[in-house]
Amino acid sequence: MDTEPRETPQFIASLAAILAELWYALLELFLKVPGGALVLDYIRASHKNDPWRTLLEILLALVAIRYFLASKYSQDEKDKVELSEREVDELIADWEPEPIVPPLRRDERWQLDSIPLINGAVASVHVSVEDPKSGEISDNVLNLASKDYLSMSSNEVVKENSIKEIRAAGVGACGPPNFYGTQDVHVRVCEDLARFLGAEEGIIYGQDYCTPTSVLPCFLKRGDIVIVDGGVSLALQKAALISRSDVEWFNHNDLDHLEEILENLEEDLADGPLNRRFIVTEGLFENFGDSPDLKRLVEIKNHYKFRLVLDETNSVGTLGPNGRGLPEACGISRDEIEITIGSMAQALGSSGGYCVGCEDMIYHQILSSNAYVFSASLPPYCAVAASTSIHLLEDSQEEGKINPYLRPLVENSKHLHQLFRDSKPLRNLVVVRSADYSPVVHIRLNPDLRKSLGLPEGYGGPGSSILNAVKKGHEDLYFDSLYNTESYILQQVIDQCLKKKVLITRTKRVLHQELLPVVPELILHCNAKFTKAELDHVYKVVEQSLVSTFGDITKEDVAKYTSVLNN
Amino acid sequence: MSFNAGKFNPSEWSAHVPSAPTDDRPEEVKAEMEFGKLTSQKWLATAKYDAKKSFKAPIADDPPYFVVIMTYLNYLVLILIGHIRDYFGMFFTPQHFTAMLSKNGYPPWYASFESFYPRRLKARMDDCFARPIHGVPGRYTACFNRISHDYNKHFLYDGTSTECLNLSSYNYLGFAQSVGKCTDDSVAAVEERGTSAGGPTDVSGHADLLRNTEKILAKFVGKDDSLIFSMGYGTNAHFFTSVLNSKCLVISDSLNHSSARFGIRLSGAAVKVFPHNDMVALERILRESISQGQAKTHRPWKKILICSEGLYSMEGEYCDLPALVSLKEKYHASLFIDEAHSIGALGEHGRGICEYFGISASRVDIMMGTLTKSFGAAGGYIAADQWIIDRLRVDFSTNCYGEAPPPAVLQQINTSLRIIDGQLNGDEGKERLQRIAFNSRYLRLGLKRLGFIVYGNDDAPVIPMLVYTPAKMPAASRMFLKYGVAVVIVGYPATPLISSRIRFCVSAALTKEDIDRILAISNIVGDKMCLKFGSGMAGGEKHPGDWKKGIHPRWSLEEVLAKTPEDCRKEMY
Ligand SMILES: Cc1ncc(COP(=O)(O)O)c(C=O)c1O
């Protein structure tokens, strides 16, 4: 009778001994794992100080483990439908995917034919254009479709240096910059860009269009804030979107609206963590040909401690007395602009994109900017071409004067704008959207005329049928018939001009990718090499075509155009 | 040769990256440095796939346990020390952490954890990365000499450079040249057409040179038409948005290139990832995705796109194209193949992965590739049926918003394509193709026989040689450089944590004797650094069946050099 109570403790004691042994074996094993001793010490120390904390941490660990396991068997797993093998086979046999892309509709085909076919140099001021149907070649066409504003692409010095570099290093760079793909000339062009624009350092990319989508995500992650001008180009829209940060839009160039947004945000921001904050805008808007009030913008961003991203794709080489972009034009130091993005493929007459700013910012891109790390360097000769253009601009600069390379461009831009602005015959037909200093003339139909023709204020954008179709994945609804027709009528103007040996162009947009509303425009790119007489001629030709197309256009005519497209 | 060697004057060290010295050697000498003459007709091979055998994934040899443990330990120490240095550094020397600390109410540029790896691990071997070069990255590449006094924070240059045998550049067919037909044509293109393309293709115009090159390229890969863009990365980054939406599914290989992953993310499509080259997993995902439909709603997917690469640039492995094609046909999905590294480098006529496997290009829906690697140019392309290209030509955002490829680059592509195709310069194209096939096979087999663990398929011109321990990466790279060979090292995060490697990119510009030299140097490096862990299971044994008996291939250098050049042309293992 008295043996039993004695035996139980013995049993418990031996169990405890076994458990303790096991525990020690476990601990020992754990100690063998690299770093295990450290962890154990940590637990021991923390337990001594605060036993409750150990419990709490164990609970936390359990929750974390549960969370990890749960995320593996995510939503998908849970709402999966149980199917037999036969049902799966049937479903597979029934599945009919959509074609990989929607084939071009009959009424869209004209878009394909409207791409100008150029023979020989594309960027020069006089080009030969081939007719897509007859194959006829029309020589010596005045080219207002090229963004080579300073004609650097055909500059003899630029060409000569580029050729020298091809003779020294071949064409391709054959490797990413971090793996033996950085040539001396790449380093040089980064220095040149930084010096020319007045920044600490620079970095270059293989293509201008890829630059914003690669730069912004380096500095913007979930939880960061970016406030974007509601008129930026597609590349910046995408860059803001892909960064997954909180995006706010302010009305195009409306700094009051920007301040209002910042004012509203201020309280939240003061309490929240110090996340990264940016304002994104353009030096010369791709979509409008105007610029923000940089002075005020800089004051605002300094006041609210936001950083500024300025896309100078269109403004470097075209604005400011020496082509140093909007800050030079506004008398503001480059230091005020934390991130500057730009293109070497436009006024600099080369190829590729760049970003300049402070050393820390550039250094981070070298390590983590996708389009820099995972892509081959720019061909060395392109770097040389851009460097040469910069040197030409710098070498001819004179204190207090407009750079001789820019002066003709500035004058031409102003002249062409004035011709259209002062035009009597066009007064009721079109409006000039761009500012006089813009080398790109944006001409859109007069809003009253558009209204009378039954055309909407803009196409696409938030809440539009196209963006709804995108959300739902209805590719057959990506098409806007009125947009198509309006663009087609503008193309008629372009075609008529081309018959008279003037090549102008229009906005070409991928409507379903644009997040912001779009209005079709005729686009004329100025060039430093045009003479006044040539520009007068261009104006005359465009005026005639506009008048003959829109002079007495009615709603019925628009319908007629639409039906022409369908036949 | 070294430029200005012997100058070595410490007072002339400067942080300024020097400019290229003038090179006034005669043209023949330069030509030989860029593209070595074939030394014997014996050193040619043809890369062909035996369609009768089914595709076998290459065997990946495993390192011994102690290597694995040492590697993890290595990382552990690096990470611990890194954190300790960060912790105390931010406290005591904040001037070194300006970008990671908030200042005057401005948030840091980036968080310290975002940059932990590059600062604390990569920075230790930064001397192996981004070394500036000058001149043609051909058979040899001229690397600037530099030193660092502050643990790779800054480098000092003395203006001299050393010409190293080049196994680092993507120059598969050796078209990186400053003499010859390609260069002459490209120079003429600059003279005639200038340096810039003037703007986006759809806006500024579709140049005759671009049209012509697109047609030649399309014909070369076996498609109706193609689009050429000025950057390969950009091609992938913006392609997927043009064809997919959020109701579409992409099934993507786990090792796909960052550009494709970025592009898919931008498109908003759903993504499922299958383990690298695992066709069983792919089929399982296909069956499940089609039968289950979209998440939550269970509506059928609008499109399913399988996304793979022709030749994986970190592994040197092909995709299993026969299986991919048959799966995509069985399940009516679409297939996208990124031929960045396979176009020009694989197949009897260099037409890429389809030709190599003898599969008609019409069975791949979208063929993407880059023009950076085999053609000595730059850029990327999409080739497909006419109706697809017609749609993309007006709807591809790069065509409307981004720059078109510049003239000299297009001309380089155009001329090199015609050389490969035999339309120009007679048999030159054929010789280049046969040389890259031979060089790849020879180097790979040679390394295996010496005892290295090497990944990849026999014909692949990318040869990753495993070193495992992170500390051995920079050590090996420096040693190769000391012996005059430029190699690329890749480690985490571009590869799995454990499998750091040296990547040899073979070129047709190398001669058989160059490969001999690389083998000899690798042999020294391998012995010094204890890199020979090959078990023989992936080939390289002396006698068939050796590895099963536990005999590892450890041929002496003499044996390798004596027998491998002949052996490598046969199917041995
Ligand atoms: C598979 C793959 N796709 C795309 C690219 C990008 O090409 P590029 O260097 O021409 O931008 C690379 C280059 O490294 C690649 O390996």
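In chain B of this predicted model, the buried residues of helix α10 pack against four elements of chain B: helix α9, strand β9, strand β12 (334–338) and helix α11 (353–357). The residues concerned are B:L321, B:A323, B:L324, B:V325, B:L327 and B:K328, each of them buried. Just beyond α10(B), B:H332 adopts a positive phi of about 60°.

One of these packing partners, α9(B), deserves a closer look. The helix runs over residues 279–292 and counts 14 residues. From first C-alpha to last it reaches 20 Å, close to the 20 Å expected at 1.5 Å a residue. Most of α9(B) is covered, with 10 of its 14 residues buried. Among them are the hydrophobic-looking names a reader may wish to find first in the structure, B:M279, B:A281, B:L282, B:I285, B:L286 and B:I290; the buried set also includes B:R287, B:S289, B:S291 and B:Q292.

The cover over α9(B) comes from both chains: it includes α5 (85–94) of chain A, alongside β7 (249–253), β8 (270–274), β9 (304–309) and α10 (321–330) of chain B.

The two ends of α9(B) are also worth a glance. At its start, a side-chain oxygen of B:D278 comes to within 3.1 Å of the backbone nitrogen of B:V280. After its last residue comes B:G293, with a positive phi near 70°.

As for confidence, chain B has an average pLDDT of 90, and 98% of the residues score at least 70. For the complex, the predictor reports an ipTM of 0.93 and a pTM of 0.90.

How values were computed
Residues are numbered from 1 along each chain as its sequence is written. Chains are lettered from A and ligands numbered from 1 in the order in which they are written. This is a predicted model: local features need pLDDT of at least 70, side-chain atom pairs count only at pLDDT 80 or more; totals for chains, interfaces and linings use all residues. Side-chain values use heavy atoms; hydrogens and water are left out. The expected span of a helix is 1.5 Å times one less than its number of residues. Buried means under 20% relative accessible area, exposed over 50%, partly exposed in between (1.4 Å probe, protein chains only). Contact means heavy atoms within 4.5 Å. A polar contact is a pair of N or O atoms within 3.5 Å; within protein, one must be able to donate a hydrogen and the other to accept it, and residues adjacent in sequence count only if both atoms are side-chain atoms. pLDDT is the predictor's confidence in each residue, from 0 to 100.
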